Each structure stands twice: as C-alpha cells, then as structure tokens.
Amino acid sequence: MPKENLLGYTRPQLESMFAEMGEKPFRGRQLYKWIYQVRQNDFAAMTDLSRPLRDRLAERFVIEPLQLDHRARSEDGTEKFLFRLADNHPVETVLIPDTERERATVCISSQAGCALACRFCATGTMGLIRDLTVGEIVGQLLYLRHLYGNDCFSNVVFMGMGEPLNNYQNVVDSLQIMLDELGLGLGAKRITVSTSGVTPKIRKLADTGLKVRLALSLHAATQEKRVRIMPIAETFGLEKLIESVRYYANQTRDRVTFEYVLIDGFNDTMDDVLALSRLIEGIPCKINVLAYNPVPGLPFERPTDDKVDWFGRQLYPRAPAVTVRKSRGRDIDAACGQLAARKNGRGVVYES
Ligand code: SF4
C-alpha cells in the first residue's frame, strides 16, 4: 500500500491521528511543528519523538514536499516556479519582490488549471485539471521558505492558477495552517483570497472568522459587460455578488479590494468609471487598476500607459482608494492572467 503523505494535515488532524494511534495529542503538535516550521521531511530526524514512534510513523507515512520542475527569473526580479505534482500535472507559483517597500508577495495556485474560462485568461484556456490538495497549496510556500528562508515573502495572494473558492475546503484548511502560529505563522491581513465571484462561498468564508483579506476580480462594472468576459457572471449575477462582498467587509471589518484589469476599448471609458464608482458606493474598499497583459491567441489588447493613467485619475476622486499597479514579470509570462504552465513563454529559458 502506498504511504500517506502527511503534508497538508492540519494541527487538529494530526492530534486526532496520534490519539487514534494511542499516543498523546501533544505529539501531534510536535510533528506539526516539524513539518511546517522546521520543514523536516525525515521522521528519523525528529528527535523529540521516541525512536519506536518515529519508526511507526515511517512505516505508514511520508512527508513529501513539492517537486520543482523549472524556474525562471524576470528582469524585474520576479520569479516563477513551475512545480510538477505527483501525478505529473504542472502548477505555478510566482514570487514578486518589492524592493522599495522591502517586502515580497507570493502568488500561489489553488487548482491545476481552472474551470471558469474567463475570456482574457491564459489559465482559463486549460480547463480544470484538478483541485490542489492542502499539502500542494501550503507546499508552494514551504518550498520558497526552504529555498530562501522564512522572511522571503511577507504577503500571500491566492491569485495564481485556479479559483480558490471552487476548492473551498482545501483552501480553508491551508489558511488554517498559514495562520497558525505553530504552522506558518502568517498574519490574516497578509493573506488575500482572490475570487472571480463565487457568491455563496464569499459569504461562507466571511463566516469562518479567519478574517483574511478578500479581493474580487471585477473587471467590468455592469452585469451586461461582465458576462461577456467572465462566464461565471451568468451563474452569480453582479448585484448579489456585490452584496456578498459588502457582507464580507462588514463581517471582517476590513476593506476589500476590487481588481480591475483594463482592457483596451472594452472597459476603459468614462461610462465605465462612473458605473464602477456607483457599484462600490458605501463599501470600504480599494480598487487596483491593472493594464491587461495580452495572451497570444486571445482577442484582447493592452491599453496605452496614458489610458491607464487617465482611467486611474478619473476614478481617484470617486473611490475610497485607487492604485494603478505596475505589471510584474511580463517577460516570463508570470503576470496576472498569464499563468498557463508553458515551459517556454516567449523564448524564456527556465533554470532547473
Ligand atoms: S482569471 Fe482566474 S478564475 Fe478566471 S479563468 Fe483565469 S484563473 Fe480561472
């Protein structure tokens, strides 16, 4: 029988596992720290567990980290990691340093591929391959800490491949591990779950009390326009979606982020500015405006920098906060909407 991989077990799961083995639950906490804090994958090295217990664990279990396939570094310092899952599917993680603010953000994936087929997105062209396990989600962060140390990122965003709220339970379990002081020890305000609008799950996540940050990939401020680029809008209409975002902000007493990818000639007019400002009225929020990154084969264009600036300036007096974000990692296809697990994005050579 293949051994079970313990990577991804939450603290309560490890405690009950030890209870079932006739051991004290605090052993679960010890093992938990070995896995997530020390990143020790060899039971033999876990010296505060008795030798017979280590042997019993090794007979039944393994701790299997993610396997890196390739990595690429952008001119701007952004790094993209392509992992190969145990069943050979590819999944990507992006590390984005911000030297000015002395911090770094890691953009993690929650699914291999994605079912939602947003018309402008490279990942959407792949379809859904499968959900990532809890171990595969936290494994992306553990890999980076193993490579560069605990301080190599300060913020985590679920903005890689996949719709996190369509892999709800695994994402919530991985959040528990990230937030746990005996796990990865990250603050809730440092983690952002970004969704394209799975309305009921936004409410459900609000009710967990985890208080992580929420970002909504809005991209169009009317239902009519949104359905044209995001098929999910047919299932979850804009009105109820915005209500759920308002609910999230109220429950967490935190501002939410609206992501707005500016697509040339589609959502970049004064009418769009006005519709957007009406839509978010009364919601504590920030709007991130980001120029679209063209994906070969998809029929959308990037607006000029002047247009992006203009849009930001028009929106600024009509919204609580507006950021016009620079796109990072475009030369390695690591920018928003460009993740599609290609090995050679535009001639980029990955290092093994
Ligand atoms: S934008 Fe996000 S939700 Fe839409 S297809 Fe791409 S990965 Fe999926």
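This report walks through one helix, the ligand site and a handful of single residues in a predicted model.

**Helix H5**

Let's start with helix H5, which covers residues 168–179. Does its length add up, and what span should we expect from 12 residues at 1.5 Å a residue? The expected span is 16 Å, and the end C-alpha atoms of H5 are 16 Å apart, so the two agree.

A good part of H5 is tucked away from solvent: Tyr 168, Val 171, Val 172, Asp 173, Ser 174, Leu 175, Ile 177 and Met 178 are its buried residues. If you're tracing side chains by eye, it helps to know that an α-helix has 3.6 residues a turn, so residues three or four places apart point the same way. What do the buried residues of H5 pack against? On the helical side, the partners are H1 (11–20), H2 (26–38), H4 (134–148) and H6 (199–207). Strands E9 (155–158) and E10 (191–195) also pack against those buried residues.

**The ligand**

Next, the ligand, which sits in the largest cavity. Around the ligand you'll find Cys 114, Leu 116, Ala 117, Cys 118, Cys 121, Thr 123, Gly 124, Gly 162 and Ser 196. How does that shell split by class? Five of the residues are nonpolar and four are polar, while none is charged.

**Single residues**

Here are four residues worth clicking on, with their surroundings and accessibility.

| Residue | Location | Relative accessibility | Class |
|---|---|---|---|
| Glu 59 | helix H3 (residues 51–60) | 60% | exposed |
| Lys 211 | loop between H6 and strand E11 (213–217) | 38% | partly exposed |
| His 219 | loop between E11 and helix H7 (223–229) | 4% | buried |
| Asp 272 | helix H10 (residues 270–279) | 6% | buried |

Glu 59 counts as exposed because its 60% is over the 50% cut-off. In sequence, Glu 59 is 55 residues from Glu 4, yet their C-alpha atoms are 10.0 Å apart in space.

Now for the backbone of the two loop residues. Lys 211 isn't a glycine, but it has a positive phi of about 60 degrees. His 219 isn't a glycine either, and its phi is positive too, at about 65 degrees. As for exposure, Lys 211 is partly exposed at 38%, whereas His 219 is buried at 4%.

Finally, Asp 272. With 6% relative accessibility, Asp 272 falls under the 20% cut-off and therefore counts as buried. Which residues does Asp 272 touch, leaving aside those up to four places away in sequence? Its contacts are Ala 221, Lys 225, Tyr 260, Phe 266, Asn 267 and Phe 311.

Notes. Residues are numbered from 1 along each chain as its sequence is written. This is a predicted model: local features need pLDDT of at least 70, side-chain atom pairs count only at pLDDT 80 or more; totals for chains, interfaces and linings use all residues. Side-chain values use heavy atoms; hydrogens and water are left out. Helices (H or I, at least four residues) and strands (E, at least two) are DSSP runs, numbered from the N terminus. The expected span of a helix is 1.5 Å times one less than its number of residues. Buried means under 20% relative accessible area, exposed over 50%, partly exposed in between (1.4 Å probe, protein chains only). Contact means heavy atoms within 4.5 Å. A residue is near a molecule or strand if one of its heavy atoms lies within 4 Å of it. On a 1 Å grid over the protein atoms alone, a cavity is a set of points where a 1.4 Å probe fits but cannot get out, and a pocket is an open set with protein on both sides within 12 Å along at least five of seven lines; lining residues have an atom within 4 Å of a point. A molecule sits in a cavity or pocket if more than half of its atoms lie within 2 Å of its grid points. Ala, Val, Leu, Ile, Met, Phe, Trp, Tyr, Cys and Pro count as nonpolar, Asp, Glu, Lys and Arg as charged, and the others, Gly among them, as polar.
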